[in-house]
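Reader: I've got this one open on my screen and I'd like a close look at a single part instead of the full tour. Pick one helix, tell me what is tucked away in it, and work outwards from there.

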Amino acid sequence: MDLELLLDVMGCKTRRNILDLLRDEPRFVSQISRELEIGQKAIIEHLRAMEEAGLLSSNFQKIERGRPRKYYDISHDVEFQIFISQGTIRVKSPGHEFQELQLLEERARLGEDVSEELENLIGDYDEAKKHAEILLKQVDERKRALKIRSLNLPVMFNGEESQDEKP
C-alpha cells in the first residue's frame, strides 16, 4: 500500500466517513450516497480512490430484481503511524516492508508476469539487508567502545587504539 496515497485518502473527511460506514457492513453506492447525503458521482470517485489505495474491495452481488449491485467493503485491516519531530517526519505502516511484495503476489495470481519486478525487489531487499548489517556492526562497535570506556581501558577501532585525550 502506497503510504502517500493512504495519507491522501485519510486526509479527506468524506472518505473517513465512508470508511466509518463500511466498518459495520458492506454497502453499495446509493446506500452510501443516501446516508452521507452526497451525490453518487462524488461517492463513486471517492470509492475508486480508496479502492486504488487498497483500502476497499468490491464485488457484485445478485439481488432479487434488477442488475447485480456492486458492494464495497474494507479490504483488510490497515494501521499506520506518523512520527513528527524537529527535522523529521516519518510515516510507517507495520509490515510496510512487504507491501510491495504482497501487491506483486496479487498481480501474479491474476496471471501477470511480475518476474522482472520481483528480481528488482529482491535486489532492493538485499541492499537493505547489507545496509542493516553494516549499521548493526557500527552500533555493536559503539556499544563495545562505551563499555570499554566505562572500564577505563584503551578503545580499539578496526584494530587501532583510539587517541582519546586523557584528563
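Author: In α3, the residues V29, Q31, I32 and S33 are buried (under 20% relative accessible area with a 1.4 Å probe and protein chains only; over 50% is exposed, and in between is partly exposed). A quick word on the source: this is a predicted model, with local features needing pLDDT of at least 70 and side-chain atom pairs counting only at pLDDT 80 or more, while totals for chains, interfaces and linings use all residues. Numbering starts from 1 along each chain as its sequence is written, and side-chain values use heavy atoms, leaving out hydrogens and water.

So what sits on top of those α3 residues? Their cover includes α2, α4, β1 and β3 (helices are DSSP runs of H or I with at least four residues, strands runs of E with at least two, numbered from the N terminus). Right after α3, E37 has a positive phi of about 55°.

I32 also turns up in the largest nonpolar core, a set of 15 residues where I18, I32, L47 and L56 have the most contacts (buried Ala, Val, Leu, Ile, Met, Phe, Trp, Tyr and Cys joined through side-chain atoms within 4.5 Å). At least two core residues come from each of α1 (3–10), α2 (13–22), α3 (29–36) and α4, and α2 gives the largest share, 4 residues. Setting aside neighbours within four places in sequence, I18 touches I32, L36, I43, H46, L47 and M50 (contact being heavy atoms within 4.5 Å).

Several of those partners belong to α4, whose buried residues are I43, H46, L47, A49 and M50. They lie on the same side of α4, because their arc around the axis is only 160° (taken from the directions from the helix axis to the C-beta atoms). K41 and E52, on the other side of α4, are exposed. Past α4 comes G54, with a positive phi near 90°.

Now for the strands. The structure has 1 aromatic pair (Phe, Tyr or six-membered Trp rings with centres within 6.5 Å; planes under 30 degrees apart are stacked, over 60 edge-to-face, the rest tilted). F28 and Y71 are edge-to-face because their planes meet at 80°, with ring centres 5.3 Å apart. This pair joins distant parts of the chain, F28 being in β1 (residues 27–28) and Y71 in β3 (residues 69–74), 43 residues apart. F28 is buried at 10% relative accessibility, and Y71 is buried at 14%.
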